[in-house]
Structure formats: structure tokens, C-alpha cells
Amino acid sequence: MSGRFSKEAVTAAMRDIAATLDVSPEGAQLLQLTNNAVFALPRAGIVIRIARTHQLRGRVTKVVQLGRWFAEIDAPTIRLARDVEQPVEFGDLVASVWQYVPPCPPALTVEDLGAVLREFHALGVTPFPLPTWDPIGDARRRLADADGLSNPDRNFLVDWCDRLEPEVAALNEHGTRTLIHGDAHVGNLLRESSGRTVMCDFDATCVGPWQVDLAAVAVGEARFGGTGKHSSLAAAYGSNVVQDHWWVLLRHARELKMIAAATPLLATSPKVADEFSKRLRTIRNGDHETLWTPYANLAE
């Protein structure tokens, strides 16, 4: 695919960034190609994350600030690469660079996620300002950066945002505010050689109700399939979000995020565009039976 955020473009950018860091891109592995292009360079011991949408460039500055604070307090998180001035800008792209954590058995589980989330939520609020949980604002920004989105689909998503916005404001006002990861699932966990479980991917990290971090697994199980993951997470964490007063809103907000995440990529990935249409159709029809496919398995 061609374009400013295509696989070819970000791969070329990764190689150029590696050159500026004076490391070899030999053996680079593309780990993810959604809103970020994530490349592991095991031989150099780093991971390069390149933002693929201009609307989310500001998040790179935020995650770098978080990375520095996490290191200061020994948070259960990955660490920024040493001796790299960040964020790294190259042309009109911006990236962050992290220490590479090699795969380490045993496989990570939702029990690990529950335990690390308890530790993460106990960190307290950062000493610097962070955004408040705002799934509606995030969806609107993605819509603004969307290429290939039809007017009927755009109108449906805008109306959905309008309906949820006052409910989200009420939860932010009345819920317990803490540091939340914002995209808590097993895929965002790594195991260090010491055995410690750490979190990665802080694009969505913000201040808000802790229940948000428990909703991702519950909604993921419902939409992607599987059984037992949510109950195991609830047991490990000590709280069952499905029984929470705010559950219906949390589910809708998560589903909106899971659909809107694809909008900047619709014009560059037909497979993602097809999955986006399927997801939107299930929401319109109130269909809770048809399973979704992760965008990460489809992006080109």
C-alpha cells in the first residue's frame, strides 16, 4: 500500500530513525501496524513506535513523559531506551524508543494482568497533568483524521458520541479517579527475565475511573470469543466489572473505541475497512453473537 502511513513508508522511517540512533535495523521485526507502527530491533535492544496519524502526535510526548516518571518510581512498566533524546522526530513522523524485552516464559495470562493492574492503579496520580478519560473526544479525533469514511457511517458514529458524552462526564465526575492504563489486555504485558510482569503501550493512559481497565477483557471476550478470561481477571483483581453500576456505559465506551480505532486506516487497508463495516453493522443491529476479528490481525 502507498501513502504517508503505509507499511512501506513507516518501514523506511524506522530505518532512518535507526540510522540517527546509530544502530543497525538488521533483523527488525514489525510487531504491530495499527495506529502505531511498532518495530522490535532485538540486536539493538530497542523498540521503535511510530505514530501513524497526525491527530495522535501529542500522545507520543505524553508517553515519553510517563516513561520517565515510571522509571523514577519503579513502576511495573517497560522503560524508555537509554541515552535517546525523545520524542524522536523524522520528517513529519514522530516516534518513541523503548528498551526491548525479549520473550520470556511462561506465557502471560489474565491473572498476571489482574495482579499488575492492582499495582498500576495503586501508583496514584502523576505529579504532572494527564488527560481525563475521554473516549468520546478520542473517537471524535479519530473521525476527524479518517479517510474513506462514508457520510452515513460518520453520522452514525457522531450520533453515538453525542449520546454517550453526558454519561461519560457523569462517570468522570462521580467515579474514583486514579491512573488508568486505558487499553489493558494481555497483549500489552511483557515478562522480564526476572519474572516481573510489566505493562507497555501507554497511548491511552490517563486519569479516570479504575473500572475502565477491567472492561477491556470483558468486552473483548464478548466480541472476540473465548470463555473464562473475564472471570479469571475479576478473581485476580478482586472486582467484577460486569456487576458494576456503570457496566453498560463502560461496555459501550469500549466498543466505540474498538470501532473508531480503525477510522484513520480505512483508506489504506481494505481488510480493516471490511472489519470496520462488520463491527458497525453489529452495533446497528444489536447483534451480540457475530464475533469480531482484531484489527491487528488484518492491518496492512
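Reply: A residue counts as exposed when its relative accessible area is over 50%, and as buried when that value is under 20%. Keep in mind that the model in front of you is predicted.

Me: Okay, let me try that on Asp83. Is Asp83 buried or exposed?

Reply: Asp83 has a relative accessible area of 84%, so it is exposed. You'll find Asp83 in the loop between H2 and S4. Its backbone is worth a look too: phi of Asp83 is near 60°, a positive value in a residue other than glycine.

Me: Which other residue has a positive phi although it is not a glycine?

Reply: Asp22, where phi is about 60°. Asp22 sits in the loop between helix H1 (7–20) and strand S1 (29–33). With a relative accessible area of 71%, Asp22 is exposed because that lies over the 50% cut-off.

Me: And Leu117, buried or exposed?

Reply: The relative accessible area of Leu117 is 0%, so this residue is buried. Leu117 belongs to helix H3. Setting aside neighbours within four places in sequence, Leu117 is in contact with Ala184, Met199, Asp213, Leu214 and Tyr237. Here's another pair to look for: Leu117 and Ile180 are 63 residues apart along the chain, yet their C-alpha atoms are separated by 8.5 Å.

Me: Can we move from single residues to a helix? How many residues of H4 are buried?

Reply: Seven of the ten residues in helix H4 (residues 135–144) are buried, which leaves this helix mostly covered. The buried ones are Pro135, Ile136, Gly137, Asp138, Ala139, Arg142 and Leu143. They pack against helix H2 (57–73), helix H5 (151–174) and H8.

Me: Now for helices that pack together. At what angle do the axes of H6 and H8 cross?

Reply: The general idea comes first. Two packed helices are described by the angle between their axes and the distance between the axes. Now the case here: helix H6 (residues 212–224) and helix H8 (residues 247–260) have axes that cross at roughly 70° and come within 9 Å. That makes H6 roughly perpendicular to H8. The crossing in which H6 passes H8 is right-handed.

Me: Which residues of H6 and H8 meet?

Reply: On the H6 side, look for Val212, Ala215, Ala216, Ala218, Val219, Arg223 and Phe224; on the H8 side, Trp247, Leu250, Arg251, Arg254, Glu255 and Met258. Sorted by class, this contact of H6 with H8 holds nine nonpolar, no polar and four charged residues.

Me: Let me read another pair with you. How far apart are the axes of H5 and H9?

Reply: The axes of H5 and helix H9 (residues 270–285) are 12 Å apart, and the two helices pack at an angle of about 55°. That makes H5 oblique to H9. H5 passes H9 in a left-handed crossing. H5 brings Pro152, Asp153, Phe156, Leu157 and Trp160 to the contact, and H9 brings Phe276, Leu280, Ile283 and Arg284. By class, the contact of H5 with H9 has seven nonpolar, no polar and two charged residues.

Me: What about the rings? How many aromatic pairs does the count come to?

Reply: Rings pair if their centres lie within 6.5 Å, and by this rule there are seven aromatic pairs. In one of them, the rings of Trp69 and Phe70 have centres 5.8 Å apart and planes at 40°, so the pair is tilted. Trp69 and Phe70 are buried.

Me: Then why is the pair of Trp98 and Phe202 tilted?

Reply: Because the planes of Trp98 and Phe202 are at 55°, with the ring centres 6.0 Å apart. This pair links distant parts of the chain, 104 residues apart: Trp98 is in strand S5 (residues 93–99), and Phe202 is in the loop between strand S8 (197–199) and strand S9 (206–209). Trp98 and Phe202 are both buried. Zoom out, and you can pick out one aromatic cluster formed by Trp69, Phe70, Trp98, Phe120, Phe128 and Phe202.

Me: Last topic, peptide bonds. Is the bond from Gln86 to Pro87 cis or trans?

Reply: Cis, with omega near -5°. Pro87 lies in the loop between H2 and strand S4 (88–90). The peptide bond from Pro105 to Pro106 is cis too, with omega near 0°. Look for Pro106 in the loop between S5 and helix H3 (110–121).

Technical notes
Residues are numbered from 1 along each chain as its sequence is written. This is a predicted model: local features need pLDDT of at least 70, side-chain atom pairs count only at pLDDT 80 or more; totals for chains, interfaces and linings use all residues. Side-chain values use heavy atoms; hydrogens and water are left out. Axes are lines fitted to C-alpha atoms, for helices over the stretch in contact, and angles run from 0 to 180 degrees between N-to-C directions. Helices (H or I, at least four residues) and strands (E, at least two) are DSSP runs, numbered from the N terminus. Angles under 35 degrees count as roughly parallel, over 145 as roughly antiparallel, 65 to 115 as roughly perpendicular and the rest as oblique. A crossing is left-handed if the near helix is turned anticlockwise from the far one by less than a right angle, and right-handed if clockwise. Contact means heavy atoms within 4.5 Å. Ala, Val, Leu, Ile, Met, Phe, Trp, Tyr, Cys and Pro count as nonpolar, Asp, Glu, Lys and Arg as charged, and the others, Gly among them, as polar. Buried means under 20% relative accessible area, exposed over 50%, partly exposed in between (1.4 Å probe, protein chains only). Rings of Phe, Tyr and Trp (its six-membered ring) pair if their centres lie within 6.5 Å; planes under 30 degrees apart count as stacked, over 60 as edge-to-face and the rest as tilted.
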